[in-house]
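Reader: Could you take me through one part of this model slowly? I would love a close look at a single helix and its surroundings.

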Amino acid sequence: MRAVVASRPGGPEVLEVTRRAVPQPGAGEALVRVVAAGVNRADLMQRAGTYPGTAADPILGLEVSGVVVATGADVPDDLIGREVCALLPGGGYAEYVAVRATHLAPVPAPVSTVDAGGLMEAAATVWSNLFMPKPPEPGSWMLVHGGASGIGSLAVQLAVAYGVRVATTVGSPEKAVFAEKLGAQVVIDHRRQDFAEELLDRGIRPATVLDIIGADYLERNLKVLGRGGRLVIIGHQSGSSPQIDLTRLLLGNLTVTGSGLRMRPDHEKDQIIDDLVRNAWPLYERGAVVPTTHAAFPFERAAEAHLLLERSHHRGKVLLLADPDLPPTPDRYA
Ligand SMILES: NC(=O)c1ccc[n+]([C@@H]2O[C@H](COP(=O)([O-])OP(=O)(O)OC[C@H]3O[C@@H](n4cnc5c(N)ncnc54)[C@H](OP(=O)(O)O)[C@@H]3O)[C@@H](O)[C@H]2O)c1
C-alpha cells in the first residue's frame, strides 16, 4: 500500500510516499481501507521530531475515515462494508490501517465519508475535555482560543449547540468571519487586541476557557475566568513552563486541568468514543454541528497540507485523500 512517512525529522519537504505491507487486523481489530486522513498539529510535531515522548508508528496520522474491509478475531464480520471514522495512535496517512474496533465510529448521516476523515481527533479531544462527565451550563460563557483551528472550530459549534455563549480568539479578519458563522458571539483578533482586556471591558467572565497556547496566556486566562471557573489546557504552542500566581486560584476557586488524547489508555478512549457517538453524533445528524473541511490533498501533496497548517492559513480541518483520483474538496468556507 501507499503510506506517507517523514523520511527524517524536518520541514514539510521530508514527507514522502512509500510502499508498505498492508497491515493485518489482529484480535479485536478491524482493517479500514482509508478514504481520508485528518491532518493535525501533532503530525507537524511528529514530522519535525519534536513530538513529546515516542510516536509509536512511523506512518503519520491520528484519524481516518473509510470502509471496513476485514476483521480480526473477536470482531463481528458484519462490520465489513461499513463506512466508519476512526481514532488512531498513528498510521492514518496510508491506504489501509488496522484499528482497535472500539475506536471506530459510524459516519454521522449527513457527513460525507471524505469529511469524516477529520472528525475523530478534534471530536474526541473537545468532547472529553469540555463535555465529559457533564456539559457546560447553557447560558454560561466559554472562551475558546483559536476558534478557526481544527479543534476550535468544533469546540465553538458544540458549545453553541449546548446553548453556551462563546467568545473566541482568531488571527485574521477572514478567520473572524469564519468563527462568527460557526456561532461565536464575541470574536477577538489576537494579533490586534488583548483578549483579557476585551472580555473584561465587556463584563464577560467565562465559566470555561479552552486553551491551546499555554505559557503566554496562562495569567490572562486565570484573570478572565469567573469564580469557580475551569481552565482546560490542551496545547502549549507558546511554551509549557509558565510562572503562575497561585493566589488567583485561591481567590477565584479556579480549576486548571488538561489532557493529551493520544497518550490516554485504550479503555479511556473506548469510553470517550462511546459517549461521543451517543451524545455528539446526533448533533451532526440534525445539522447543529457541521464538518469544517478547508481543503483536501492527495497523499503525494502531503507537504502542501503540512505547510498550510504550519502557516496557519487554513480554517477548520485539512485532509489527505488516499485515492489520488478523488477531486480536491472545494474551499467552501472562503
Ligand atoms: N491535548 C490533546 O489531546 C490535543 C488533541 C488535538 C489537538 N491539540 C492541540 O490543539 C491545538 C489545535 O490543534 P489543531 O490540530 O486544531 O491545529 P490547527 O488547526 O493548526 O490550530 C492551531 C491554531 O492555533 C491558533 N493560534 C496560534 N497562535 C495563537 C494565539 N496567540 N492566540 C490564539 N490562537 C492562536 C491558530 O490561529 P491563528 O492562525 O488564527 O492565530 C490556529 O488556528 C494544537 O495546539 C494541538 O496541539 C491537543
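Author: Happy to; what follows is a look at helix H4 and the ligand beside it.

Please keep in mind that this is a predicted model. The mean pLDDT of the protein chain is 95, and 96% of its residues reach 70 or more.

Let's start with the helix itself. H4 has twelve residues, and from its first C-alpha to its last it reaches 17 Å, close to the 16 Å expected at 1.5 Å a residue. Just after H4 comes Gly163, which has a positive phi, near 80°.

Now for its surroundings. H4 is largely enclosed by the rest of the structure, because ten of its twelve residues are buried. The buried residues run from Gly150 and Ile151 through Gly152, Ser153, Leu154, Ala155, Val156, Gln157 and Leu158 to Ala159. Their packing partners are helices H3 and H5 (173-182), along with strands E8 (141-144), E9, E11 (208-211) and E15 (317-321).

The ligand is the other neighbour to look at. Of the 27 residues that surround the ligand, the closest are Ser149, Gly150, Gly171, Gly235 and Ser312. H4 (150-161) is among the elements that give two or more residues to this shell, together with helix H1 (41-48), helix H3 (120-131) and strand E9 (165-170). So H3 and E9 turn up twice in this tour: they pack against the buried residues of H4, and they contribute to the ligand shell. By class, the shell holds nine nonpolar, 15 polar and three charged residues. Domain 1 (2-119 + 291-321) and domain 2 (134-258) each supply at least three residues to it.

Terms used:
Residues are numbered from 1 along each chain as its sequence is written. This is a predicted model: local features need pLDDT of at least 70, side-chain atom pairs count only at pLDDT 80 or more; totals for chains, interfaces and linings use all residues. A residue is near a molecule or strand if its C-beta atom, placed from the backbone, lies within 6 Å of it. Helices (H or I, at least four residues) and strands (E, at least two) are DSSP runs, numbered from the N terminus. Ala, Val, Leu, Ile, Met, Phe, Trp, Tyr, Cys and Pro count as nonpolar, Asp, Glu, Lys and Arg as charged, and the others, Gly among them, as polar. Domain bounds come from an automatic or database domain assignment. The expected span of a helix is 1.5 Å times one less than its number of residues. A residue is buried if 20 or more other C-beta atoms lie within 10 Å of its own, exposed if 12 or fewer, and partly exposed in between; C-beta atoms are placed from the backbone. Two residues are in contact if their C-beta atoms, placed from the backbone, lie within 7 Å. pLDDT is the predictor's confidence in each residue, from 0 to 100.
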